[in-house]
Structures are given as structure tokens and as C-alpha cells.
Amino acid sequence: MSDSAKRSQAYTAAGVNIEAGNEFVGRIKDMVKSTFTPGVATDIGGFGGLFKPEISGMEAPMLVAGADGVGTKLKLAFMFDKHDTVGIDLVAMSVNDVLVQGANPLFFLDYFATGKLESGVAAQVVSGVCEGCRQSACALLGGETAEMPGFYPDGEYDLSGFAVGMVDTPKMVTGKDVKAGDVLIGLGSTGAHSNGWSLIRKILGESGLKQDDTFPGTDKTVAEVLIEPTKIYVKAVLEVMEALTIKGMVHVTGGGFYDNIPRVLPDDVTAAIEFGSWDMLPIFDWLKNQGGLSWPEMLQIFNCGIGYILILAADSADKAMEILDARDDVEAYRIGEIVEREGSGEQVEITFP
């Protein structure tokens with residue numbers, strides 16, 4: 001037994017394995033380093049992560065921060081014993097949020113908490129976090145692993161994540177200049193992303209489907225469809241931003257279309273959306289039919305196939321679509337336009353066929 005193990009015997013007897021924690025850190029070092037960008041000025045294991053942002057050419061650099069989790073989608077990771085994709089979800093939820101204001105994500109921090117540390121499971125989660133960071137060119141600057149005996153059920157854990165990005169203040173995307181005649185371009189989702197999972201799990205439980213069954217309308221298993229990670233839109237959107245002025249952006253999360261779109265609209269306009277102008281994923285048809293929901297109910301809860309929305313002037317829309325169509329990592333659709341708001345009417349009007 002090592003001297004460290006001897007000194008830690010009392011803590012180990014209480015359920016906290018310091019040796020396992022140290023072994024876990026050793027397993028993830030190379031993964032974490034694979035996300036490092038030129039601004040990283042520290043190694044992992046310090047008390048704080050150091051990052052030196054490149055601000056040359058910026059008039060007034062502004063930091064934008066976001067925090068989020070994965071919600072009860074984690075229950076699916078436990079059920080299916082698949083833990084890498086939720087790490088991507090964790091990064092996606094925060095980097096997509098800071099992107100909305102035009103910020104380029106710089107670095108990410110993660111928090112992993114469990115009752116008993118299973119280093120193999122935790123390493124899978126961190127591998128997903130690292131993949132999400134690579135997809136968004138965002139450094140995993142640090143994090144925290146907490147082993148808390150008796151606090152979580154056996155085999156379960158919780159996650160939270162924190163992203164920091166930067167934007168030049170004059171180029172910040174606020175939505176204040178959105179006006180009638182502007183166009184909405186929707187970017188396709190990969191599924192339900194990380195919202196609505198309490199309802200999804202309820203519907204799944206009532207359906208009788210098992211994880212290895214073929215999911216209706218697909219050639220994939222139930223587990224493959226449901227655990228599909230949240231789409232990260234950073235690189236596609238930043239390419240559009242380099243070429244064009246984006247007036248407003250929306251990350252379609254909890255609250256769906258009806259709650260998220262108004263967050264970036266001036267009070268005098270409405271987003272008029274044509275339902276059916278994008279491809280509907282099988283998961284949403286299944287949720288609607290199996291759950292006995294209407295499409296308005298679905299659009300209040302889920303992204304329904306559109307995970308991110310850009311609002312541009314009409315004369316920029318064709319160029320934006322050209323840029324997005326040339327990419328192989330995103331599907332783009334013209335889904336509607338901005339119109340004058342009538343009185344105190346809703347700010348999202350969806351036309352159904």
C-alpha cells in the first residue's frame with residue numbers, strides 16, 4: 001500500500017477513494033490536452049485554469065458566459081450504459097447559448113458528481129466533453145470531480161458545464177435591429193437534444209419499446225435514436241457571421257419555439273413560421289403520436305427538428321443559405337419571416353398546413 005493510500009484509509013472507509021480519483025485524472029490528461037487551443041496557458045491539475053484570449057483587432061472585447069446541464073436525459077445514459085454522448089450534450093448546451101450573442105466560445109469547465117467514482121464511466125463522460133470541445137474549437141480548461149457517498153443512487157451521476165466566449169461589442173448580436181421583412185433560417189437538430197426528457201421518458205415507459213428495438217421510422221435502435229447528442233452549431237454559425245450580418249439568433253431549448261424566439265425580438269414584431277418548411281425527424285412524429293400531443297404542444301416543449309435559428313435581412317438570406325448548404329455538418333431551411341406585430345398578439349405565429 002502506498003503512503004498516500006495509508007494516509008487516506010479513514011476517508012476511503014467513509015466511501016471516498018482518493019486513489020481512484022488520482023487514477024481518473026491520469027486517464028483523462030491526454031484527452032483534455034487534445035482540446036487545448038493557443039490561448040490555454042496552464043496544464044490540468046491546477047487550482048484554476050489560465051487562458052489568454054486574443055483581443056488584437058477588437059474595439060471592445062466582451063466576455064459572454066453560460067452554464068447548463070443535461071437534465072434527465074442522463075437517466076437514458078444510465079439505462080443504456082452509454083456515457084460518452086452526454087458529454088457532448090453538456091458542451092453543446094452552453095456553447096450554443098453563448099453563440100447566440102455572437103460570441104466565439106473560448107473555454108469550458110465541467111462538473112461531474114457521483115456517489116462512488118467509477119473511473120471508466122467518468123472517463124467516458126469526459127471523452128464526450130472533449131469531443132464537444134473539439135467540435136466547437138473550445139478548450140476544456142478545467143473542471144471538478146466530486147465523489148459524494150450516499151448523495152446519489154448507485155451507478156448515477158450528475159453533470160453541469162460552464163462556457164465562456166468573447167465577442168467584439170460592436171459586433172454583438174442582440175436582436176434589437178430585427179424588423180419586418182427579415183428572414184428566419186432554421187438549422188436542423190439531431191433529435192430532442194437535451195430538453196423535454198421527463199416527458200420523453202414517460203412516453204417511452206408507456207410505449208413498451210425496449211432499447212434494442214428498432215425505433216419507428218428508422219433503421220436505428222431505440223437507444224441510438226434517443227441518446228443522439230445535441231448538435232453543436234458553433235463552426236457553421238461563425239462562418240456565416242464572418243460573411244454577413246446576423247441580426248438575431250435563437251438556441252431552441254426548453255420552451256420550444258414559443259418561449260425562445262421572443263427572447264431576441266423587439267416588441268413590435270412577430271416571427272411568422274411556416275410549419276413543414278423543414279424535414280421532421282421520426283422521433284418527433286413518434287412523440288406526437290405516442291404521447292397524444294398536438295403540434296402546438298410539441299412546439300412548446302421540443303425543438304421539433306430546428307435546434308437553432310438565424311434572423312437576417314432578406315437580401316442576406318440567399319447568401320447565408322449558400323454558405324450553410326456548402327457545409328456537410330448542418331442542414332439549413334428558410335422557415336419563415338418577421339412581420340409587424342398586431343396589437344398585443346403573440347410574437348410567434350406558426351402556420352400549419
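Which residues in α13 are buried?

## One helix, two sides

This is a predicted model, so let's take a single helix and look around it. Helix α13 covers residues 314-325, which makes 12 residues. From its first C-alpha to its last it reaches 17 Å, close to the 16 Å expected at 1.5 Å a residue.

Back to the opening question: Ser316, Ala317, Ala320, Met321, Ile323 and Leu324 are the buried ones in α13. Look down the axis of α13 and these buried residues fall within an arc of 160°, so they line one face of the helix. The general rule helps here: an α-helix has 3.6 residues a turn, so residues three or four places apart point the same way.

Now turn the helix around. The face of α13 that points away from the buried side carries Asp315, Asp318, Glu322 and Asp325, which are exposed.

## What sits over the buried side

What covers the buried residues of α13? Among the elements doing this are the helix α9 (234-243) and the strands β5 (183-188), β8 (306-312) and β9 (332-340).

## Into the core

The largest nonpolar core has 100 residues, and Ile185, Leu226 and Leu310 are those with the most contacts inside it. Leu310 touches Leu324, one of the buried residues of α13. Leaving out residues up to four places away in sequence, Leu310 also touches others, including Ile185, Val237 and Met249. There is a second, separate core of 8 residues too, with Leu106, Phe107, Ala139 and Val164 among them.

## The wider region

An unreviewed UniProt entry lists residues 179-346 as "domain: PurM-like C-terminal". Over those residues the chain is 36% helix and 19% strand, and the end C-alpha atoms are 16 Å apart.

How values were computed
Residues numbered from 1 in each chain as written. Predicted model: local features only at pLDDT ≥ 70, side-chain atom pairs only at ≥ 80, totals over all residues. Heavy atoms only, no water. Helix = DSSP H or I, 4+ residues; strand = E, 2+ residues; numbered from the N terminus. Expected span 1.5 Å × (residues − 1). Buried < 20%, exposed > 50% of the residue type's maximum accessible area, 1.4 Å probe, protein only. Arc of directions from axis to C-beta. Contact = heavy atoms within 4.5 Å. UniProt positions renumbered as here; feature names shortened; annotations may be inferred. Core = buried A, V, L, I, M, F, W, Y, C linked by side-chain atoms within 4.5 Å.
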